[in-house]
Amino acid sequence: MSSEANTVTAVYQVTGMTCGHCEGAVAEEIGALDGVSSVKAVASTGQVTVVSAAPLDNEAVRAAVDEAGYELA
């Protein structure tokens, strides 16, 4: 959990990431969503940790991941 007040931390599973470039592409697209304050993508596990001001819409996250060329598991 995030130690900051009034933030939400969510972990998503993304398939297809294999390298740092992949991590950057996914992080850039999700980071552009309203309210997102930080994104950490890890290609080796496929996990993407997102900190935001409020819970994110799953379809918005899915669309961002799709835009980056990957798939939300």
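This tour moves through a predicted model, from its sheet to its core and then to a single serine.

**The sheet.** Begin by selecting the four strands, which form an open sheet in the order β2-β3-β1-β4 with antiparallel pairing. At the edges stand β2 and β4 (71-72), each with a single partner strand, so one side of each has no neighbour in the sheet. Strands of a sheet pair through backbone hydrogen bonds, so a backbone display is suitable for the next selections.

**The strand pairs.** Select β2 (36-42) and β3 (47-52); six bridges join these antiparallel strands. Within this pair, Lys 40 has Thr 49 in β3 as its bridge partner. Next, select the hairpin of β2 and β3, where four residues lie between the strands and Gly 46 takes a positive phi near 80°.

Proceed to β1 (8-15). β1 pairs with β3 in the antiparallel sense over six bridges, and Tyr 12 stands opposite Val 48 in β3. With β4, β1 pairs in the antiparallel sense over two bridges; here Thr 15 stands opposite Glu 71 in β4.

**The helix across the sheet.** Select α1 (20-31). This helix lies across β1, β2 and β3 and runs at about 160° to β2.

**The nonpolar core.** Select Val 14, Met 17, Val 26, Ile 30, Val 48, Val 61 and Tyr 70, which touch the most other members of the largest nonpolar core, a set of 20 residues. Each of β1, α1, β2, β3 and α2 (58-68) supplies at least two residues of this core.

Which residues does Tyr 70 touch, not counting residues up to four places away in sequence? Centre the view on Tyr 70 to find Val 14, Thr 15, Gly 16, Met 17, Cys 22, Ala 25, Val 26 and Val 65. Among these contacts of Tyr 70, Val 14, Met 17 and Val 26 also appear in the core selection above.

**A serine in β3.** Finally, select Ser 52, which is placed in strand β3. Is Ser 52 buried or exposed? Its relative accessibility is 3%, so Ser 52 counts as buried. A polar atom of the Ser 52 side chain lies 2.7 Å from the backbone oxygen of Ala 54. To complete the surroundings, add Asn 6, Thr 7, Val 8, Gly 35, Val 36 and Ser 37, which Ser 52 touches when residues up to four places away in sequence are not counted.

Note on methods:
Residues are numbered from 1 along each chain as its sequence is written. This is a predicted model: local features need pLDDT of at least 70, side-chain atom pairs count only at pLDDT 80 or more; totals for chains, interfaces and linings use all residues. Side-chain values use heavy atoms; hydrogens and water are left out. A nonpolar core is a set of buried Ala, Val, Leu, Ile, Met, Phe, Trp, Tyr and Cys residues joined through side-chain atoms within 4.5 Å. Buried means under 20% relative accessible area, exposed over 50%, partly exposed in between (1.4 Å probe, protein chains only). Contact means heavy atoms within 4.5 Å. Two strands pair if DSSP finds at least two bridges between them. Axes are lines fitted to C-alpha atoms, for helices over the stretch in contact, and angles run from 0 to 180 degrees between N-to-C directions. A polar contact is a pair of N or O atoms within 3.5 Å; within protein, one must be able to donate a hydrogen and the other to accept it, and residues adjacent in sequence count only if both atoms are side-chain atoms.
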